[in-house]
Amino acid sequence: MPELPEVEMVARHLRALLAGKTVRKAQLLQPGIAPEHPPRQFAQWLRGARVETVARRGKHILTHLSNGRTLLTHLRMTGRFLYVAAEAELEPHTHAVFWLDDGQKLLYSDVRRFGRLQIVKTAELDETKALRQLAPEPFDPAFTPEYLFRALKRSRQPIKLFLLDQTRVVGLGNIYAAEALHRAGINPQLPAQQLSRPRTDRLHTEIVAVLNDAIAYESTLNTDPRDLDASYTGGTYESLTRVYDRAGQPCLTCGTLVRRFTQGARSTYYCPRCQRR
DNA sequence: ACTAAAGCCTGGCTGC
DNA sequence: TGCAGCCAGGCTTTAG
């Protein structure tokens, strides 16, 4: 389940693999993953386009093309790219194929078809629905403790749900939201607007730190750009998790048993001792 | 304006 | 053994 650090790794690897290369031909096999475009239109916009660079915004991957368009990708839960020889068999659940001018092809595969591809004019990127509402990047100077405090004050939601809302904070998913709250010693049920200013500063620090730690860790572990999906299927972030998916096991800080409960229809993990309201 | 919940999907696991 | 039923969860859409 790629969150910001895993998407960052995929974007970096795609950049290394694709920058300067030309898409000879593209094919959309499963139109449902690109609902904005007819498959032929999708293929036409990519054919002959050179990849200028690959960037990331939140959990979206932005592949900038020489024709003034950008391929927007969101992997959601199980989306992944594979970089294989042009004559290689297609992986199961391959929904799009991009033949490159280096004798390789890029596959987009997604078992559950939650992920989405979209092609937009690069000049209109910031106005697209997918990106328009997003909060500042956690590593951007605009993401300050003041920003976070003001956003928290406007919400009565439990803070865990607040952290998952990409219009307030970008990049956290279920795993890193739980980890950031654990590191900051905050109970996931606390109403967002009740977080004090000092604890907001601490939370801000831990959000940035947990994402940075994950990126640093995955960077050392996954150095081959061709391992495009190893960063989130190879058991990387699990090594960083101190509460996520550890219900019934001792908290790594204090030994109290980690608890799990359902919040917003998904599992929240926390330590009842370290994370008081 | 805000929050809550349903729906999208399918593989893997559990329990009968 | 086989199979029904549940679970995983990011995001959009719909309902309240």
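Buried, in this talk, means under 20% relative accessible area. Keep that cut-off in mind for helix 6. And note that this is a predicted model.

So, helix 6. Its buried residues are N174, I175, Y176, A177, A178, E179, A180, L181, H182 and A184. That is 10 of the 11 residues, so helix 6 is largely enclosed by the rest of the structure. What does the covering of those buried residues include? Helix 1, residues 4-18, is part of it. Helix 5 and helix 7 are too, and so is strand 10, residues 266-270. Just after helix 6 comes G185, with a positive phi of about 70 degrees.

Next, the domains. The assignment for chain A gives two: domain 1 runs 4-132, and domain 2 runs 145-270. Their centres, taken over C-alpha atoms, are 28 Å apart. How many residues are in contact across the two domains? There are 21 from domain 1 and 21 from domain 2.

Now the nonpolar cores. In general, nonpolar side chains in soluble globular proteins tend to be buried together. Here, the largest core has 36 residues. Those with the most contacts inside this core are I159, F162, L163, L172, I186, L203 and I207. Four helices each supply at least two residues: helix 4 (145-153), helix 5 (159-164), helix 6 (174-184) and helix 7 (197-221). Helix 7 gives the largest share, seven residues. Why does this core lie between the domains? Because domain 1 and domain 2 both give residues to it.

Take L203 from that core. Set aside its neighbours within four places in sequence. L203 is then in contact with L148, I159, L163, A180, L181, A184, I186 and L195. Among these, A180, L181 and A184 are on the list of buried residues of helix 6.

There is also a second, separate core. This one has 30 residues, including A11, A34, L65 and F98.

On to a charged residue, R56. You will find R56 in strand 2, residues 51-57. Is R56 buried or exposed? R56 counts as buried, because its relative accessibility is 16%, and the cut-off is under 20%. What does its side chain meet? One partner is the side chain of E8, through a polar contact of 2.6 Å. Another is the backbone oxygen of G58, which lies 3.0 Å from a polar atom of the R56 side chain. Leaving aside neighbours within four places in sequence, R56 is in contact with L4, V7, E8, A11, L62, E137 and F139. One of these, A11, is also in the second core.

Last, the DNA. Which residues are around DNA strand B? They are H93, V111, R112, R113, F114, S155, R156, Q157 and R168. By class, that surface has two nonpolar, three polar and four charged residues. Now look at the strand's side. Of its atoms within 4 Å of the protein, 64% belong to sugar or phosphate, and the rest to bases.

Three side chains to check in the viewer. R112 goes to a base: one of its polar side-chain atoms lies 2.9 Å from a base oxygen of DNA strand B. S155 goes to the backbone, with a polar side-chain atom 3.4 Å from a phosphate oxygen. R168 has a side-chain N or O atom 2.7 Å from a phosphate oxygen of the strand.

That's the tour. Questions, please.

Technical notes
Residues numbered from 1 in each chain as written. Chains lettered and ligands numbered in written order. Predicted model: local features only at pLDDT ≥ 70, side-chain atom pairs only at ≥ 80, totals over all residues. Heavy atoms only, no water. Near = heavy atom within 4 Å. Polar contact = N/O pair within 3.5 Å; in protein donor to acceptor, adjacent residues only side chain to side chain. Nonpolar A, V, L, I, M, F, W, Y, C, P; charged D, E, K, R; others polar. Core = buried A, V, L, I, M, F, W, Y, C linked by side-chain atoms within 4.5 Å. Buried < 20%, exposed > 50% of the residue type's maximum accessible area, 1.4 Å probe, protein only. Domains from an automatic or database assignment. Contact = heavy atoms within 4.5 Å.
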